Amino acid sequence: MGATCLGVALRLALAFAHPGNYDQQSYEIVAAIMRRGGNVYQETHRYNYSPLWAYCLLLFSHIGETVSLPLNVVVRTCLTGVDVLIAACIALISGAVPLMRRSYAYALYMLNPVPILLVGYHGQFENLAMLPLLVAVYLVVRKREPSPLLIVGLGALAVIIKHNVIFPVWLLLWYQAPSPRKAALWMALVAAAFGASFLPFLHLGWQGVLTNVFGYSSGARKYGFDLLLPVPLTRGVFFLLLIAHPFIARTYLRLPLDQGIQFSIVIFLASIYGFSDQYFILPVMLGAICCPRWNNLYTVATTIMLASSPTNIHIIDLPRLTAINLVWFVLVAWLASYFATGQSNLFSPPWSRQQ
């Protein structure tokens with residue numbers, strides 16, 4: 001209860017104290033278009049997701065009008081509620097894995113400065129996209145066989161909310177499918193559902209969908225492999241890993257699903273060639289369960305990066321190139337640890353080791 005109250009209070013303090021950043025301004029534009037029945041893909045370039053989030057913003061704008069609160073406050077307050085659900089899922093998953101500590105995993109997420117800064121200040125919605133995925137993970141690790149249709153549906157919902165979770169969704173389907181062919185079929189269904197979500201907007205907004213959603217690339221550069229490799233090669237590495245990483249996790253490393261999802265997120269952020277700050281909330285969701293030592297090191301590096309970020313609280317003067325690549329080096333080391341330790345005791349949290 002203490003972790004919940006403090007974690008929620010810190011997020012809401014940021015939400016009410018600061019108007020947010022560029023993204024919150026974009027939400028205002030999108031909500032205004034939706035309120036008058038416009039087409040966000042035709043009328044603004046500042047919307048890069050499926051229509052579902054636009055409908056959420058429409059709902060939040062009506063809530064804000066009813067309770068006399070700015071849209072940015074309503075958005076971040078609602079996402080704070082999602083964070084509580086995320087922490088609950090983490091606790092349930094940790095309780096379903098033998099010898100894990102639910103309260104520790106729950107508190108480690110609720111009090112982690114990374115989600116506090118990215119939900120309370122930044123106000124992006126990676127946590128909402130991860131919620132159905134974590135529900136699916138729990139359904140699997142509780143040792144009952146969930147319906148394949150349910151797992152595919154939860155994966156599709158996650159991607160429709162925000163498609164940068166496609167790495168762990170693809171891994172989830174690979175783990176649950178009876179064969180690689182069936183996994184590919186399920187992934188095709190997820191992709192079809194994502195594509196179908198745009199249908200009501202395509203008549204006038206198809207160019208915006210192609211340019212601002214499918215053609216969108218996050219602005220940050222000179223990160224990770226972009227410092228070391230030619231641009232075409234970094235893209236090739238990224239998409240090769242996207243395709244191959246479930247096989248690596250399940251067949252080569254033999255990771256259980258929760259650790260496989262964590263591996264998927266780490267490899268995504270270690271190999272991506274463009275990003276926004278909010279992507280870096282993803283590793284801390286399962287990090288408390290799978291690899292708390294690496295999670296803690298990652299938290300320190302990412303908090304420093306966010307504290308120096310011009311799109312976050314910016315209370316530390318640290319060169320952007322230095323800050324973001326500090327996080328990248330931690331991610332690469334974290335990724336290497338999977339191959340160095342595999343299923344050994346060094347990989348496991350201290351309380352999960354067999355005595």
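This is a guided walk through a predicted model, from its salt bridges to its helices and a patch on its surface.

Residues are numbered from 1 along each chain as its sequence is written, and side-chain values use heavy atoms, with hydrogens and water left out. In this predicted model, local features need pLDDT of at least 70 and side-chain atom pairs count only at pLDDT 80 or more, while totals for chains, interfaces and linings use all residues.

Let us begin with the salt bridges. A salt bridge here is a side-chain nitrogen of Lys or Arg within 4 Å of a carboxyl oxygen of Asp or Glu. By this rule the model has six salt bridges. One of them joins R11 to D83, with the closest N and O atoms 2.8 Å apart. This pair links distant parts of the chain: R11 sits in helix α1 (residues 2-17) and D83 in helix α5 (residues 71-96), 72 residues apart. The helix names come from DSSP runs, numbered from the N terminus: helices are H or I with at least four residues, and strands are E with at least two. Are R11 and D83 buried or exposed? Both R11 and D83 are buried. Buried means under 20% relative accessible area, exposed means over 50%, and partly exposed lies in between, using a 1.4 Å probe and protein chains only.

A second pair to look for is E65 with R35, where the closest N and O atoms are 3.1 Å apart. E65 belongs to helix α4 (residues 51-67) and R35 to helix α2 (residues 22-35), so this salt bridge ties together parts that are 30 residues apart in sequence. E65 counts as exposed, at 55% relative accessibility, while R35 is partly exposed, with a relative accessible area of 37%.

Further along the chain, the side chains of D277 and R320 meet in a salt bridge of 2.7 Å, N to O. D277 lies in the loop between α14 (257-271) and α15 (283-290), and R320 in helix α17 (residues 320-341), so the pair ties together parts that are 43 residues apart in sequence. D277 is buried, with a relative accessible area of 2%, whereas R320 is partly exposed at 30%.

Now turn to the helices themselves. The loop that holds D277 leads to α15, and α15 is mostly covered: eight of its eight residues are buried. They are P283, V284, M285, L286, G287, A288, I289 and C290.

How far apart are the end C-alpha atoms of helix α16 (residues 292-307)? They are 22 Å apart, which agrees with the 22 Å that its 16 residues should span at 1.5 Å a residue. The expected span is 1.5 Å times one less than the number of residues. Among the buried residues of α16 are P292, N295, Y298 and T299.

Helix α12 (residues 202-214) gives another picture. It has 13 residues, but its end C-alpha atoms are only 13 Å apart, short of the 18 Å that a straight helix would reach at 1.5 Å a residue. Where does α12 bend? The bend is at G208, by about 45°, taken as the angle between axes fitted to the seven residues ending there and the seven starting there.

G208 is also one of the buried residues of α12, along with G205, V209, N212 and V213. What covers these buried residues includes α3 (40-43) and α11 (180-196). N212 is buried with a relative accessible area of 12%. Leaving aside its neighbours within four places in sequence, N212 is in contact (heavy atoms within 4.5 Å) with Y41, T44, H45, Y47 and N48.

On the surface, F16, L59, I63, V67 and L69 make a nonpolar patch of about 420 Å². Patches are made of residues with over 30% relative accessible area and no salt bridge; like charges are joined within 9 Å, and nonpolar side chains (Val, Leu, Ile, Met, Phe, Trp, Tyr) within 5 Å. Accessible areas come from the Shrake-Rupley method with a 1.4 Å probe, and for residues only the protein chains shown count as cover. The largest share of the patch, three residues, comes from α4. F16 is found in helix α1 and counts as partly exposed, at 49% relative accessibility.

Last comes helix α13 (residues 231-252), the place of V231. V231 is partly exposed, with a relative accessible area of 45%. V231 and Q176 are 55 residues apart in sequence and 34 Å apart in space, C-alpha to C-alpha. F239 also lies in α13 and is partly exposed at 43%. F239 and F268 are 29 residues apart in sequence and 9.8 Å apart in space, C-alpha to C-alpha.
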